[in-house]
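Visitor: Could you walk me through this structure while I look at it? I would like to begin with the empty space inside.

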Amino acid sequence: MSTLLADQEAPIISLSAKKHFEELPTTEAKLYAHYLSRAAHWGSRAVLRSVSPESEAIFDLILGVHKALGSPKSNEEYQSILKDVVSAEAVTQYLEYASQFLGNLGNYKSFGDSKFVPRVAQEDFAAIVKAANKPELAQLYDIVKEPLFATSPALLGWPEKGQLSNYYPECASVIKKEEIEAINAALADRSIMPENTRVIKKSDSEFVVLVASALKENTVDYYPKDAIHLKSGALVTIQFGDHSKEFIEITKNIQEAGKHAANETQKKMIEFYAQSFETGSMKAHKESQIQWVKDLGPQVESNIGFIETYRDPSGVRGEWEGLVAMVNQDRTAKFATLVNNASTLIPYLPWDKFYEKDTFTPPDFTSLEVLTFAGSGVPAGINIPNYDDVRLNVGFKNVSLGNVLSANPKNPKKEEVISFVSASLQEKFRKWRDDSFEVQVGLHELLGHGTGKLLQETSPGEFNFDKSAHPELSTYYKPSETWGSLFGTTAGSFEECRAELVALYLILYKPVEVLPIFGIKEEQDQKDVKLIATLLMARAGLIGLEFWDPASKKWGQPHMQARFGIFKSLHKAGVVSLKYEDKEKFSDLELVVDESKLDNEAVKALGDFLHKLHVYKCSANVKEGVAFYSDITGVTEEYAKFRDVVLEKKLPRKQLIQANTFLDGQGNIEVREYEESEVGMIQSFVDRAV
């Protein structure tokens, strides 16, 4: 139970982008950003509805209570209003839960997919709702109070395993994995992309695929007019208008943004966005991504839609995301240098050129200051689009989110102590972690996700490689197969691990070529970054045990599974060791990096690991690839015994408060930022009114 309680004293940070917004050179650019931001936020309820059945109602309850109490301006004002209702501690616990809920857009953590419940007692939560003095809020609380405090299901995942997924809502009976996979296969056979869908099981013989769209009827040829027959005999019908109310608003705001587009490419992108969100056509969304890739160096960068598929247990349905950001010119200059050096760095990677693209087309690589990231969490970097054929034939973009990378609270609630790092390295770790992470993210996105050639039979009898010259190659991608469709739920973590390995491998193997790109030129500084980058990764892998469930043996977070695999390989190679005197609780556990082994043993271990992942991916070797990855990321008792101390020492994740933009009626745009507090987080969502 204690592991499911909402975080206490979480760092709350204002994700400031006001300066960069106000520096946009034209009103048109500001209006473009404003309307895209509004469109992005209107998708928030689609996120809530994909998390849990109760999330949307909890969202409405939190915002409703805040407004009914007169929209208090600070935590202290909340305390004053409720001082005769509940204790000060109860108010703090309520606010901490509310802020964490809004920061995750649901009652399951965006990073780890585990449930969290309020620390505040049920009777105190009820008293706070009662103090709002609104009958509709009392009714809402009665509806959600049981799932709000329930500790089960504890994880998002397959419903038939007792986990939860609201990608499969309102089912008359538990939908089975084999039924979901049969529906996915049937949609794939008809070239229907499932990212913007959810599935309802009406009975064993009747299923409904819900399509997110403004319109409630089918208006495009992309979808079949009649029901789909599964091999089992079951019928699958397609129903439009999931999230219709919100998608009407999304489409309106997207179209308004289009009136202020900077060029023809942006206008085409906006047109395809609007078509996709109005009709539900993922074909139109793919076209929008083609235009997005071609829109190089925009003043306002954006990407909107059902993008990442990590939270769907079957790995195909996406979560709504909406990015709107401005370019940070100084940081972008660093990444431009990295892009320009890509062709010289790729040959250092541990695979034959047969497994590399015939020509590496440098992508647009930009450092952005985030104005809006509507979704369940804000990443530090992005490499998209996720459509394999667009990436291969058109290209992709790398985006580093600068104000996320550097986000730290102005007034920390308490002094930071970095767990599992020795006292002698605390200062050095703090000094170099941001720089190390920036290098890691840059290499991860550009050369991690950007390298590799999928060996494919492009059409019957036609190949994108010389098949006759490689008779040893027994596996490759068939015409209708993709990386995601073959590797399934393993694909996301597998690819993140490959990208993480590329980055750390290059930092250790070629620091003299890589680190000066990021302004790290002195020999001692490079040595320090090599150490801290390795320690940063090893620590991430160790604390990743939080996201591994010993009961189900399931990893709840693909990035942490990847980092654990890297930590484990470094540990097995003797590069990283675990030091402790307490052999029962491991309370003094520390990670120790042997610097003398970074140039040789570490490079060899990482290179061997990376080579295997890369070849398995490129050659579509699912059987050996999944078996290898499952083994190297498997948590044996040797490591599982440290999970309790990881949980005991875990630090709450940062919560990022995003600004809002407002039109004043005279064409002026206000950027409103909020105080770094739980109330600041709540008010930022109230002001969005979505």
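Guide: In this predicted model, domain 1 (29-155 + 666-688) and domain 2 (161-244) both give residues to the lining of the largest cavity, so the largest cavity lies between them.

Visitor: How much space lies in the largest cavity, and which residues lie nearest its centre?

Guide: The largest cavity holds about 60 Å³ of space, and of the 13 residues that line it, Ala 46, Ser 50, Arg 198, His 243 and Phe 306 lie nearest its centre.

Visitor: Which element gives the most to that lining?

Guide: That is α3, with three residues; α3 (44-51) and β2 each supply at least two residues of the lining of the largest cavity. By class, the lining of the largest cavity has six nonpolar, five polar and two charged residues.

Visitor: And how many cavities of 30 Å³ or more does a search of the whole structure find?

Guide: The search of the whole structure finds four cavities of 30 Å³ or more.

Visitor: Let's turn to pockets. Where does the second largest pocket lie, relative to the domains?

Guide: The second largest pocket lies between domain 1 (29-155 + 666-688) and domain 2 (161-244), because both give residues to its lining. About 430 Å³ of space lies in the second largest pocket, and among its 22 lining residues, Asn 166, Tyr 168, Pro 169, Glu 170 and Arg 198 lie nearest its centre.

Visitor: What about the secondary structure and chemistry of that lining?

Guide: β2 (197-203) and β5 (235-242) each supply at least two residues of the lining of the second largest pocket, and the largest share, four residues, comes from β5. The residues of the lining of the second largest pocket divide into eleven nonpolar, six polar and five charged.

Visitor: Switching to helices, at what angle do α4 and α8 pack?

Guide: Helix α4 (residues 55-68) and helix α8 (residues 135-149) pack at about 135°, their axes being 10 Å apart, and these two helices are therefore oblique to each other. The crossing in which α4 passes α8 is left-handed.

Visitor: And how do α7 and α8 pack?

Guide: For helix α7 (residues 122-131) and α8 the angle is about 160°, with the axes 10 Å apart; since angles over 145 degrees count as roughly antiparallel, α7 and α8 are therefore described as roughly antiparallel to each other. Their crossing is right-handed.

Visitor: What is the arrangement of α19 and α22?

Guide: Helix α19 (residues 491-509) packs with helix α22 (residues 558-572) at an angle of about 50°, with their axes 8 Å apart. The two are therefore oblique to each other, and α19 passes α22 in a right-handed crossing.

Visitor: Last topic, the backbone: which residues does a cis peptide bond join?

Guide: One cis peptide bond joins Ser 152 and Pro 153, with omega about -5°, and Pro 153 has its place in the loop between α8 and α9 (177-189). Another joins Ile 384 and Pro 385, with omega about 10°, and Pro 385 is in the loop between β9 (381-384) and α15 (388-393).

Visitor: Why would anyone point those out, or a positive phi?

Guide: Most peptide bonds are trans, and most residues other than glycine have a negative phi. Ser 191 has a positive phi, near 60°, and Ser 191 lies in the loop between α9 and β2.

Key:
Residues are numbered from 1 along each chain as its sequence is written. This is a predicted model: local features need pLDDT of at least 70, side-chain atom pairs count only at pLDDT 80 or more; totals for chains, interfaces and linings use all residues. Side-chain values use heavy atoms; hydrogens and water are left out. On a 1 Å grid over the protein atoms alone, a cavity is a set of points where a 1.4 Å probe fits but cannot get out, and a pocket is an open set with protein on both sides within 12 Å along at least five of seven lines; lining residues have an atom within 4 Å of a point. Grid points are joined across faces, edges and corners, and a volume is the space filled by probe spheres set on the points. Ala, Val, Leu, Ile, Met, Phe, Trp, Tyr, Cys and Pro count as nonpolar, Asp, Glu, Lys and Arg as charged, and the others, Gly among them, as polar. Domain bounds come from an automatic or database domain assignment. Axes are lines fitted to C-alpha atoms, for helices over the stretch in contact, and angles run from 0 to 180 degrees between N-to-C directions. Angles under 35 degrees count as roughly parallel, over 145 as roughly antiparallel, 65 to 115 as roughly perpendicular and the rest as oblique. A crossing is left-handed if the near helix is turned anticlockwise from the far one by less than a right angle, and right-handed if clockwise.
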